[in-house]
Amino acid sequence: MKYPTLTALKQYFTNTPPQQRTSTFHLIAAEQYPRKEAEELLIKTIVPKNAPADLSLTAYSAEALTPMTLISELEMMNMFCPHRLLIIQHAEALNSATIDALVAYCEKPNPAVTLVVSMETIN
C-alpha cells in the first residue's frame with residue numbers, strides 16, 4: 001500500500017492491529033525532512049516503550065552495510081526485546097549484493113523485525 005502523507009501513515013497505524021501490520025516499509029522522498037519524520041513515527045509506534053533502545057532499534061547508512069551484516073541483523077532474535085526495528089538510510093546507495101540479500105529476505109521476512117528502507121529515489 002502507498003501512504004503519500006504522514007497523516008495517511010498515522011491512520012494506517014491507528015486502524016491496523018500490530019499483528020496485521022506489514023513487516024517492511026519503504027520511505028521514498030526527495031527531501032530528508034519527510035523521511036526523518038516518517039522514521040520517527042515508525043520508531044515511536046513500533047519500538048516497545050519499555051525495551052532498551054540499543055536492543056530494539058538499529059539504524060545503518062547504506063554505504064556501511066554489507067550483505068552479511070544485513071542478514072545478521074534481520075535474522076537476529078533477542079530474548080530481551082520481542083520486536084526490533086531496523087532502519088536502512090540512504091538505501092539508494094546499496095550495492096547489488098546487499099540488494100540481492102534484501103530481496104531474498106523480503107520473500108520470507110522475520111516476524112520479529114520491522115524493516116524500514118529509507119531513500120531519495122528508487123533506482
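**Strand partners and pockets**

Reader: Which residue in S4 is the bridge partner of Leu-86?

Author: This is a predicted model, in which local features need pLDDT of at least 70, side-chain atom pairs count only at pLDDT 80 or more, and totals for chains, interfaces and linings use all residues. Residues are numbered from 1 along each chain as its sequence is written, and side-chain values use heavy atoms, leaving out hydrogens and water. Strand S3 (residues 84-89) runs parallel to strand S4 (residues 113-119), and five bridges join them. Within S4 (strands being DSSP E runs of at least two residues, and helices H or I runs of at least four), the bridge partner of Leu-86 is Leu-115.

Reader: Which strands form the edges of the open sheet, each pairing on one side only?

Author: The open sheet has four strands in parallel pairing, where a pair needs at least two DSSP bridges, and their order is S1-S4-S3-S2. The strands that pair on one side only, and so form the edges by the pairing rule, are S1 (24-28) and S2 (57-61).

Reader: What angle does the direction of helix H2 make with that of S3?

Author: From one strand to the next, the twist of the sheet averages 15°. Helix H2 (residues 32-46) packs on this sheet, touching S1, S2, S3 and S4, with contact meaning heavy atoms within 4.5 Å. Between N-to-C directions of axes fitted to C-alpha atoms, on a scale from 0 to 180 degrees, H2 and S3 make an angle of about 170°.

Reader: Which element gives the largest share of the lining of the largest pocket?

Author: The largest pocket (an open set of 1 Å grid points that fit a 1.4 Å probe, with protein on both sides within 12 Å along at least five of seven lines) has a volume of about 520 Å³. Its lining, with an atom within 4 Å of a point, holds 19 residues, of which Tyr-3, Pro-4, His-26, Leu-27 and Ile-28 are the closest to its centre. Helix H1 (6-15), S1 and H2 each give two or more residues to that lining. The largest share, five residues, comes from S1.

Reader: Which element gives the most to the lining of the second largest pocket?

Author: The second largest pocket has a volume of about 260 Å³, and among its 14 lining residues Ala-91, Ile-99, Leu-102, Val-117 and Met-119 lie nearest its centre. At least two residues of this lining are supplied by each of S1, H5 (96-107) and S4. The element giving the most, with four residues, is helix H5.

How values were computed: Points joined across faces, edges and corners; volume = space filled by probe spheres on them.
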